[in-house]
Amino acid sequence: MNSLFVRDISRGLSPVLFLCRHFTVGGQVFSKTTPPWQMNSHTFSTSIGNQVEFGLPKLTPHHVTTVLSMLESSSEVRQQSVKYFETNMLASNSPTEDRRAQARCLRTSGHLFGVFDGHGGCACSQAVSERLFNYIAVALLNQNELARYHERIRDGKELDLLSLYSTSNDYQNESLSGLYRGSLHKFVTESLSLSNLDDEFSMDRTLEEAFVRLDEDISSEALPGGTGSPLSIESLEVAFSGSVACVAHVDGPHLHMANVGDSKAVLGSLNEDTGSWSAKELTYEHNTNNVEEVKRIRDGHPRNETSFVLKNERLLGQLAPLRAFGDVRYKWKLSDLKRVIKAIDTPFARELVPPNYYTPPYLIAKPEVTYHRLTPRDKFMVLGSDGLWDMLTPEKVVKLVGEHMAGKQTIDSFKLPRKALSLGQINHHLIKRKEGLAKKPVDANVATHLIRNALGGTVDGIEHGKLSAMLTFPEDIVRYYRDDITVTVVFFDSSYLRTCPA
């Protein structure tokens with residue numbers, strides 16, 4: 001295992017560990033709260049004494065838009081309640097630790113949308129983004145369907161559980177694909193042996209089963225003597241890094257959210273009588289701001305661990321999210337950790353054991369599942385990694401998307417929604433379009449619009465200098481000012497929701 005990687009994960013941190021806490025420019029001391037667009041000199045010194053030539057080039061508006069839109073994408077769906085979705089990513093870490101995925105279940109009419117935020121590297125978030133939807137699709141199968149898929153496995157055929165949208169899995173890990181396929185096939189076989197035609201279906205239980213089983217497979221694949229035997233460096237990187245996950249399953253009017261960690265999903269609803277927007281948080285963050293999470297963890301360990309099981313707002317003083325995939329150094333038995341440390345044999349390996357590690361597991365990947373029945377008032381849903389929510393409140397995000405919807409119609413050629421409208425109705429649509437001109441967005445993609453506002457938004461609108469600085473900050477310190485940001489916005493079909501069966 002790469003020694004730098006071991007050093008990162010041994011402290012429960014991403015590579016931001018190596019960034020300076022304070023730095024000086026032209027003799028003036030700046031902290032992470034110093035607006036970068038106020039820096040004019042060209043040298044800063046890190047707290048470990050490195051001198052780096054430094055300047056902030058000014059990007060043109062065209063260059064800003066080019067950078068922001070590089071990974072944007074949109075897909076028209078128009079199946080049941082989902083009309084279309086738009087998504088985008090902007091990296092802070094190099095490589096980015098965020099991932100995203102979108103797919104349609106071939107077994108059901110459901111659609112899956114997910115954002116995944118890694119820590120300690122991108123290995124775990126990559127694996128979860130590739131694998132989790134397949135595990136959900138398997139968990140959704142009934143006994144007869146499991147039997148059919150088991151036959152496909154015996155015949156050496158692909159399972160074909162999902163139809164992935166083009167933006168899914170921006171990255172691929174081909175070297176582990178065989179291992180992943182074997183674990184998924186084992187999940188199908190074991191699910192068949194345990195299934196019962198009389199079992200009552202529960203979406204909550206299904207999502208929980210998929211999350212937990214994938215996490216168990218990630219763990220067993222990394223243990224020498226497990227399915228990953230002998231010691232696999234790549235599997236260890238996946239298991240020792242970590243990832244949070246926020247996943248939506250949309251099936252007609254039924255919206256289920258499954259969340260582990262500190263990413264978030266928010267629903268945007270419109271009161272058509274008043275024209276006002278409201279934001280509803282669909283998930284709960286699993287960190288020390290969540291009182292119930294804090295109680296869950298403290299109740300799960302002896303009272304004499306209360307003073308250190310959560311310390312400095314982190315699990316064992318190290319890890320910020322209190323639920324996550326991977327991060328096996330907070331889950332494995334101490335004997336297993338020591339066995340792997342001995343096999344790794346690097347100077348930093350002994351630091352993989354957290355302090356006060358007495359009664360594992362301290363971390364779980366069991367998701368918190370919530371349900372919402374969509375109504376015609378529900379216009380869209382925003383899934384975002386914490387890089388978005390660090391910058392914008394849910395209310396602000398919903399307002400920005402609502403304004404974008406009003407203004408976006410002015411980008412496209414004017415089209416009447418249907419034929420045979422009266423002159424009064426046509427006049428109404430023309431007035432709405434005129435009102436939208438004042439809100440005409442720069443970005444056609446609403447996810448890009450959100451990222452632009454997250455980085456450059458002020459009370460007076462977008463400040464180009466601020467936006468330019470946020471996009472040109474040196475790699476060594478950019479992580480102090482912004483995290484990786486991943487956004488997916490799913491738009492719902494009000495007409496379908498108005499007429500679908502109760």
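This report looks at the whole chain, then at a pair of helices, and finally at one threonine.

## The chain as a whole

What you have here is a predicted model. Its chain contains 16 helices and 21 strands. Of the 502 residues, 52% are buried.

How about the outside? The accessible surface of the chain adds up to about 22900 Å², and carbon and sulfur atoms own 50% of that. As for the contacts with a separation of 6 or more, 73% are between residues 24 or more positions apart.

## Two helices that pack

Now find helix α12 (residues 394–408) and helix α14 (residues 446–456). Their axes lie 10 Å apart, and the two pack at an angle of about 130 degrees. That makes α12 oblique to α14, because an angle between 115 and 145 degrees counts as oblique. The crossing of the pair is right-handed.

Which residues do the touching? On the α12 side, look for Val 397, Leu 400, Val 401 and His 404. On the α14 side, the contact comes from Val 446, His 449, Leu 450 and Asn 453.

## A closer look at Thr 108

Next, scroll to the loop between β7 (98–105) and β8 (111–119), where you'll find Thr 108. Is Thr 108 buried or exposed? Its relative accessible area is 17%, so Thr 108 is buried; the cut-off for that label is under 20%.

Thr 108 has some company, too. Its side chain reaches the backbone nitrogen of Gly 110 at 3.0 Å. If you set aside the neighbours within four places in sequence, Thr 108 is in contact with Leu 140 and His 249.

Terms used
Residues are numbered from 1 along each chain as its sequence is written. This is a predicted model: local features need pLDDT of at least 70, side-chain atom pairs count only at pLDDT 80 or more; totals for chains, interfaces and linings use all residues. Side-chain values use heavy atoms; hydrogens and water are left out. Helices (H or I, at least four residues) and strands (E, at least two) are DSSP runs, numbered from the N terminus. Buried means under 20% relative accessible area, exposed over 50%, partly exposed in between (1.4 Å probe, protein chains only). A polar contact is a pair of N or O atoms within 3.5 Å; within protein, one must be able to donate a hydrogen and the other to accept it, and residues adjacent in sequence count only if both atoms are side-chain atoms. Contact means heavy atoms within 4.5 Å. Accessible areas come from the Shrake-Rupley method with a 1.4 Å probe; for residues, only the protein chains shown count as cover. Axes are lines fitted to C-alpha atoms, for helices over the stretch in contact, and angles run from 0 to 180 degrees between N-to-C directions. Angles under 35 degrees count as roughly parallel, over 145 as roughly antiparallel, 65 to 115 as roughly perpendicular and the rest as oblique. A crossing is left-handed if the near helix is turned anticlockwise from the far one by less than a right angle, and right-handed if clockwise.
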